[in-house]
Amino acid sequence: MKFTLSVAMCPLDQLTELARTAEELGFSAIALPDSLFYSEDVAADYPYTPDGKRMWTEETPWTDPLVAAAAMGAVTERIRFYTSVLKLGPRNPVLLSRQVASVAALTGDRFGLGIGIGWTPEEFEWCGAPFERRGPRVDEAIEVLRLILGGGMVEHHGEFFDFDRLRVSPAPGSRVQIYIGGHTERALRRAALRGDGWSSAMMRLGELRGTIDRLAELRAEHGRADEPFEIQAVCIDKFGLDGYREQAEAGVTDAIVVPWVLEGHGFDADVEVKKESLARFADDVIRKF
C-alpha cells in the first residue's frame, strides 16, 4: 500500500515546502482537493458530514489543484500529484484537457486526475453548466478527456459536447490515470466502467470493505476484473501501523492521510509543525509498512 499526503485547506505558502518534505520522507503522492468558490448559501447538503454542513468557512484557503500541482511539481522530482477530487460537472472538458495536458508536461507525467460530479447546484449554474442530467454529462466529459489526452487530431459529436477535429499539444507522454470518486451506486458503477481507480471521501473501514467488494463485483460485470485498479481511501477509524495494515488487507492500495490532523493540529498549523508530523508518520508507519 502507498501513502498519499492530503494538503486540503493548507495555507498556500506552505504547499511547496510540504511537497519537498513529503517526497524526502517517502510519500508516494500528494492529493489535491477542489472547491471552486464558497457560496454564502447552498441549495444542497454537503454529502460527507453527518449534519450536511461544510467543514470549512468562506476564509478557508483553496488553490486551483492544477495550478498547485504545477507549482509543487517544479520543486520535486519523483512524487506524484492527483486531484481528490476535481469537480468535473461544472467544467468544460475541452478546456480541462488543455490544463491537464499542461500539468502532465510540466510535472514529467506525474499527474493523475481524480474526478467527481460535484454536489452544489451553485457551482454548476454559476459556471454556466446545467445541474440537471449532470451524471450523463460527466460520463461524456470523461470520454472527451480520454479522447483529447490520448493525443493526435480528434473530434467528438455527442449529446453534451460537440467539436470538429482538434489537437492539444503537447499531449501527455503517458496515459493520464483517471480516478473516480463518489459513494453512490451510480458513482461506483462509473468508476468500475470508466476509471483507473476509485477515490473515497471520509469512510469507516467497515464501509470501505463493503464498497471495495461492490467495486470488484461491478468491475467483473464489465470485464475489467483483471485490469489494474487503484483504491484511494480516506479511512477515519483505523490508524497507526496496525490500522493501515487492516486497510491494506481490505483492499486499499493508497491511503490518503493528514498526519498533523491525526496528531490534533489544525489545518492551518505552522509549516514546521506539519513537517515534524510528517517525519513522525514516516518513521512510525511508512518505513515499517
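How many salt bridges does the structure hold? The structure, a predicted model, holds 22 salt bridges. The legends below describe close-up views of some of them, followed by surface patches, loop residues and a helix.

**Figure 1. Salt bridge between R190 and D139**. The closest N and O atoms of R190 and D139 are 2.5 Å apart. R190 belongs to helix α6 (residues 185-194) and D139 to helix α5, so the salt bridge ties together parts that are 51 residues apart in sequence. Helix α5 covers residues 134-149. R190 is buried, at a relative accessible area of 7%. D139 is also buried, its relative accessible area being 19%, which is under the 20% limit for a buried residue. Apart from neighbours within four places in sequence, the contacts of D139 are R190 and R194.

**Figure 2. Salt bridge between D196 and R146**. Here the closest N and O atoms are 3.1 Å apart. D196 is in the loop between α6 and β9 (197-203), while R146 is in helix α5, so this pair ties together parts that are 50 residues apart in sequence. D196 is buried, with 7% relative accessible area. R146, in contrast, counts as partly exposed because its relative accessibility is 23%, and buried means under 20%.

**Figure 3. Salt bridge between K238 and E246**. The side chains of K238 and E246 meet at 3.6 Å, N to O. K238 is partly exposed, at 25% relative accessibility. E246 is partly exposed as well, with a relative accessible area of 31%.

**Figure 4. Network of salt bridges**. Five residues are shown: E185, R189, R214, E217 and E221. Salt bridges link these residues into a network.

**Figure 5. Patch of negative charge on the surface**. The patch gathers E40, D41, E58 and E59. One of its members, E40, sits in the loop between β2 (29-32) and α2 (65-73). E40 counts as exposed because its relative accessibility is 72%, and exposed means over 50%.

**Figure 6. Surroundings of Y38**. Y38 lies in the loop between β2 and α2. Its relative accessible area is 32%, so Y38 is partly exposed. Leaving aside neighbours within four places in sequence, Y38 contacts R54, W56, T57 and E58. One of these residues, E58, belongs to the patch of negative charge on the surface. The C-alpha atoms of Y38 and W62 are 9.8 Å apart in space, and the two residues are 24 residues apart in sequence.

**Figure 7. Nonpolar patch on the surface**. M55, M202, I236, F239 and L262 form this patch and together have about 410 Å² of accessible area. I236 is placed in the loop between β10 (230-235) and α8 (240-250). At 37% relative accessibility, I236 is partly exposed.

**Figure 8. E132 in the loop between α4 and α5**. The loop that holds E132 follows α4 (121-125) and leads to α5. E132 is exposed, having a relative accessible area of 56%. From C-alpha to C-alpha, E132 and P121 are 9.1 Å apart in space, with a separation of eleven residues in sequence.

**Figure 9. Buried residues of helix α1**. Helix α1 runs over residues 15-25, and its buried residues are L15, L18, A19, T21, A22, E23 and L25. An α-helix has 3.6 residues a turn, so residues three or four places apart point the same way. The buried residues of α1 pack against two strands, β1 (2-6) and β2, and against the helices α2, α9 (259-262) and α10 (271-284). Just after α1 comes G26, which has a positive phi of about 100 degrees.

Notes
Residues are numbered from 1 along each chain as its sequence is written. This is a predicted model: local features need pLDDT of at least 70, side-chain atom pairs count only at pLDDT 80 or more; totals for chains, interfaces and linings use all residues. Side-chain values use heavy atoms; hydrogens and water are left out. Patches are made of residues with over 30% relative accessible area and no salt bridge: like charges are joined within 9 Å, nonpolar side chains (Val, Leu, Ile, Met, Phe, Trp, Tyr) within 5 Å. Accessible areas come from the Shrake-Rupley method with a 1.4 Å probe; for residues, only the protein chains shown count as cover. A salt bridge is a side-chain nitrogen of Lys or Arg within 4 Å of a carboxyl oxygen of Asp or Glu. Lys and Arg count as positive and Asp and Glu as negative; His and the chain ends are not counted. The place of a charge is taken as NZ of Lys, CZ of Arg, CG of Asp or CD of Glu. Helices (H or I, at least four residues) and strands (E, at least two) are DSSP runs, numbered from the N terminus. Buried means under 20% relative accessible area, exposed over 50%, partly exposed in between (1.4 Å probe, protein chains only). Contact means heavy atoms within 4.5 Å.
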